[in-house]
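Q: I am new to this structure and would like a close look at a single part of it, with the reasoning spelled out.

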Number of protein chains: 2
Amino acid sequence: MTSLAALWSAESIAIIGATERAGAMGRLPLDYLQRFGYQGKIYPVNPKGGTVLGLDAFSSMAEVPERVELALIMVPAAAVAQAVRDCANAGVGVAVVMSSGFAEAGDAGALAQADLVMIARTSGMRLVGPNCIGSVGGKKKVLATFSPVFGSDSTRVEAGSLALVSQSGALGYGTYSLAQERGLPMGIAVTTGNEADVTALEVATEISHDDSVSGVLLYLEGLESVDALRGIASRKPTAILKAGRSTAGAAAAASHTGALASEDRVVDAAIKAAGAIRVNDVEHLLDAGAAFASERTLVGKRVAIVTTSGGSGILAVDALEAEGLELASFDPKTIAALEEVIPAYGNATNPVDVTAAVMSEPGLFEKCLALVAADPHVDAIVACFCVLTGNDVEKIAHALVATRKVRDLPIVVARTGAAALAPQGATLLNAAQIPAFPTPERAVRSLSILHTVSQPKRTNAVRPPLCAPLATPTVGANEIELKSALASAGLPIPESLLATTLDEALAGVTRVGGRAVFKAVVPGLLHKSDAGGVLLDIGADSAEDAFHQLKKLGGDILVERFVPKGVEALVGITGSALGRVLTVGVGGVLTEIISDVALHLLPVSADDVNAMIDQTRLAKLFAGARGASAADREAFVHLILRLADATRDWPAMSELDINPVTVLSDGAWILDAAYVAPGTQVDHSQVEHSQVEHSQVEH
Amino acid sequence: MTSLAALWSAESIAIIGATERAGAMGRLPLDYLQRFGYQGKIYPVNPKGGTVLGLDAFSSMAEVPERVELALIMVPAAAVAQAVRDCANAGVGVAVVMSSGFAEAGDAGALAQADLVMIARTSGMRLVGPNCIGSVGGKKKVLATFSPVFGSDSTRVEAGSLALVSQSGALGYGTYSLAQERGLPMGIAVTTGNEADVTALEVATEISHDDSVSGVLLYLEGLESVDALRGIASRKPTAILKAGRSTAGAAAAASHTGALASEDRVVDAAIKAAGAIRVNDVEHLLDAGAAFASERTLVGKRVAIVTTSGGSGILAVDALEAEGLELASFDPKTIAALEEVIPAYGNATNPVDVTAAVMSEPGLFEKCLALVAADPHVDAIVACFCVLTGNDVEKIAHALVATRKVRDLPIVVARTGAAALAPQGATLLNAAQIPAFPTPERAVRSLSILHTVSQPKRTNAVRPPLCAPLATPTVGANEIELKSALASAGLPIPESLLATTLDEALAGVTRVGGRAVFKAVVPGLLHKSDAGGVLLDIGADSAEDAFHQLKKLGGDILVERFVPKGVEALVGITGSALGRVLTVGVGGVLTEIISDVALHLLPVSADDVNAMIDQTRLAKLFAGARGASAADREAFVHLILRLADATRDWPAMSELDINPVTVLSDGAWILDAAYVAPGTQVDHSQVEHSQVEHSQVEH
């Protein structure tokens, strides 16, 4: 057992600040440990000595006769540092600081918190919290928490296959209690509070190695590592409720636990790339938990709906489309067999409507389910029923369990009705690992979750780089310098040369392929296009006039290869708390009208980039919308891979904006590029203007 | 009382097919009426006579000594027609046919159903169903249903301010039972089944005139009238769960109850235009019900969050942004006062985090709530708490109730925790009309619902038409004929003339304003552009060359006013089951890349059209994206109003496609138009091609 597992399976627990005083938080863990039957050693620590709830108290950690695995620190903030030091000296494995008054309380608190970490790290002890509500392990009845949930007679503590890790203590145990209410097998709950040392992801990583765990549920306010998340999700189905989606929410999260904010769409991309499920609220998190705890996988998408209520069946069909699943097409033999048992006013095709006749015809539902389950075109079943009560629900529950004997495929239930109408129904379904939901929409959504986590895991792309790394651009590098650097890495930049004389300009036109763009290069001339300083598609015959025209502006002429109109895309590489982020999307003039981009954390493979293109309207544009010829998608993908590789050593928080990349039917060209060094203020209006100015096609 | 109100408040009820036999459906309504204490007259009808559950049975309706308000028909399908006839002859007000085996069972059933309607209509009796589960009225204990929900000891029947009307019987009573489970005051429930005569909207209309009703909840499989819906929503807050969103779902709905399918986005537009709320599932429907039953209005958007859990507060903040509400900015005095009572590790700004200190400091939550409620910058409060149990929850509930004395503003609760932890909490909140939800997200969503239904109702636009109606185009009318008709209604069509000679062409250029488009008019030449048959921006100097060039193709030349490049929009008018639908959106080449349109049922006002523009990227394009000059939005709006008026007498199911309308900085021009007569097959590839061909700007 590594030390973090002590949070849910410690064999020895010290409670610093243990007291008998009614209403004191320091009483609760001891009370709970005793009440729920913890079998390990408990060491109450209280300077007053004596006994606490019948156990001998130790006046300090130094007196505790063994190295305890887990210590709970429940003393006022001012006394915490000493308690942590005592724990470290006593060789404690994990110390959990429940006390508040640290980073969440301002600068002084943050300093005090940093001290705690320093003490812990020096000794090798792990520190959970501060400002958390501890942890619970059902199997060994580790009640290392003061949550009032465990003071209620209605709360049970049992071994169970689901694990919950929550940065927020209150939300964590609220969620735990809701999980119990619906009979989910919640076995482990850990709250991590301010995460001064141990993070939720670290705890989840430890949990994900536990064979008895069927799934991991996370509530996070910050996400610090996509690699850690990928590891967790590769071992166990994982769902995440990530707070701070909105700007205001992210600010509130930062002030709450000091969580590091990432742009929400980066978080989205990271969770997706890790193969985890992002959920919308606590109920959705528990719906995912219900799917995980079913311990079934769903690789295919073909879903059969069997319903006693026509209305529920229609809602389920609607939900399939919304969730990206499919209505299974039955084998004709299945339909023929169903027609023999279903009343004429029902429906023997998918969605199968067995009607309320199930109430009067015993075995009808079971027969239909067996036929549907035996159909090889069916990957999963949604069973819907509404107003049935008591025995009728139990009969259906038994029928669903029996279906597993025909074929053990994923089954979910939508039961739209009060729990009190059929108290045994839920128990039967839970025992059979058949998740039940109050609406067809939630039932189907849980199948979709199961489908997502059942797909083969994608590993991070490892491939040899396409080119040597480029040196970091100098701060304030201009467009020409930047393009020249990119060109040196083999990236497709239209070649150009500076012409002072007409002869040079004419030679230049020939050298760039016979069709050129002339740009006036005049120091201080910011808005070249407005000043008439950009002339497009200049050939040998028009070069002389163009040269003289631009010369009037003073300065030299940049002669650049003319790139005809193609599909305009944008490519960006920016920094984030989670690593460098690649952005690919619709570029050029369309950028401002349709913000249509896909994000992916670097590194990426060609498959990744192709998937990003498919997520945006670039796919349609590349395919040749409206009779245009298809664009060279492969060249674009290659350009992006090479760009990512060439810039791999650039500073993590630098920003590279390429817009547009013009993708032709043969090849792709970078027409404009801007670099922003880390910490530099970006004048985006200026960047945009520069793009307009340098883009070769008329806008 | 009009006759439909008998469904929930009949003073006399006949039950045809009443029986004592245990397990028979015909026993249940009588059983329920007696058990729940119905005070009106009950007339069991059974050809065997005798007594049924202690009441004298009548052998036929003819023997019943009074005209009953409500008759429940619970006999096999084959006997229903006679029962309906008997009811009609006996002067029954409303007959409810519960029996199945009609339209939902195939063609023969549909014919039998049509007979029932004919019998009822001849006599003036209203007919509900067939294939429904009847109705319930809590105030008078009208249990006109056989739903098993009322056989459970856990079910209560009480007067309550919410009304539910559901096409689906099973889903309706399942929803009813869930409403009871969360303590919602569900007073009326009506199921309408196949809706052979009476529809859910008709029932809801009747309900919406009832002063004791606080809100209407609807489950519909088809939506037949937006006017009826607008009427209902103008009188009572209304929420709708409309099944058949997906194509497969719509097909299932049609097979289930024969519901007429409309394109889902038309349904969306209709519900929105009616001022009703469209919900996603039954829980969302009940969340809306909870908001309605609070009997509060929310006109502003500024929401205060008061939480005992930092995590819940952040989730609530995120939800505000997602739901279009705002985080209230407190008055500095409020913040100062909060700082005095909230612990340092909490937060005295919005979201207010009072922390778990509420458990140890009585009155803290109440004080904070009072301060927040008194702040004039606050329109509503979301109170969040998680793991609190028992008395702590009750204290908070009392504090929330007390807040109403400071200021009676909308308050919603997010309590993330099992009900069993604080059984009294829910009861207290329900009694105080404070809706409670398990997650902050759902609590905020309910406020958003309240905000939507609290906005001033928009009445249907009535304004004098801008022009006389145009005659319906002939089937197969070509573009030139169509444009000429539109021009005659004063719509802006670029003028054009046919030139055979060079002189005519030159005169034509002058006549159309000096800049023209030349188009070859050659019978049989389909792809003019490809054949080089379209020449743009021809002036006096280039006209002669252009004329000769096109003449080589054979045929005449169409000389048309040249419209320079502007913002391209599309305008469509199509038929639907709900009426004519106006579509406005991004047009021209962008149409295929970004499908970005807004829909509105006709008629529309200028405000409506402006709102549609604002829903799409047209707003941005019109404003002058990327330095372009602003487009003449007013001209575009006027064009649409005139187009709608000019075509007002065209067949309901005809289709008019205008794409593009080019909107310039001064004026807007219709460049292409296509008309599809009702029932005509549309070859959309051809339509699109024609648009490309005739559009005057280069693509």
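Is Arg265(A) buried, partly exposed or exposed? Please start there, and then follow the salt bridges outward from that residue.

A: In this predicted model, Arg265(A) is partly exposed, because its relative accessible area is 39%, a value between the 20% under which a residue counts as buried and the 50% over which it counts as exposed. The partner of Arg265(A) in a salt bridge is Glu263(A), with 2.8 Å between the closest N and O atoms, and Glu263(A) is likewise counted as partly exposed, at 45% relative accessibility.

Turning to chain B, a salt bridge joins the side chains of Arg278(B) and Asp268(B), at 2.8 Å from N to O. Since Arg278(B) belongs to strand β14 (residues 277-278) and Asp268(B) to helix α9 (residues 264-273), this pair ties together parts of chain B that are 10 residues apart in sequence. Here Arg278(B) is buried, with a relative accessible area of 13%, whereas Asp268(B) is partly exposed at 35%.

Another salt bridge in chain B brings together the side chains of Glu560(B) and Lys519(B), 3.5 Å from N to O; because Glu560(B) sits in strand β24 (residues 556-561) and Lys519(B) in strand β22 (residues 516-521), the parts it ties together are 41 residues apart in sequence. Both of these residues are buried.

Over all chains, the structure holds 55 salt bridges, and one network of salt bridges links residues of both chains, including Arg182(A), Glu283(A), Arg182(B) and Glu283(B).

Definitions and conventions. Residues are numbered from 1 along each chain as its sequence is written. Chains are lettered from A and ligands numbered from 1 in the order in which they are written. This is a predicted model: local features need pLDDT of at least 70, side-chain atom pairs count only at pLDDT 80 or more; totals for chains, interfaces and linings use all residues. Side-chain values use heavy atoms; hydrogens and water are left out. A salt bridge is a side-chain nitrogen of Lys or Arg within 4 Å of a carboxyl oxygen of Asp or Glu. Buried means under 20% relative accessible area, exposed over 50%, partly exposed in between (1.4 Å probe, protein chains only). Helices (H or I, at least four residues) and strands (E, at least two) are DSSP runs, numbered from the N terminus.
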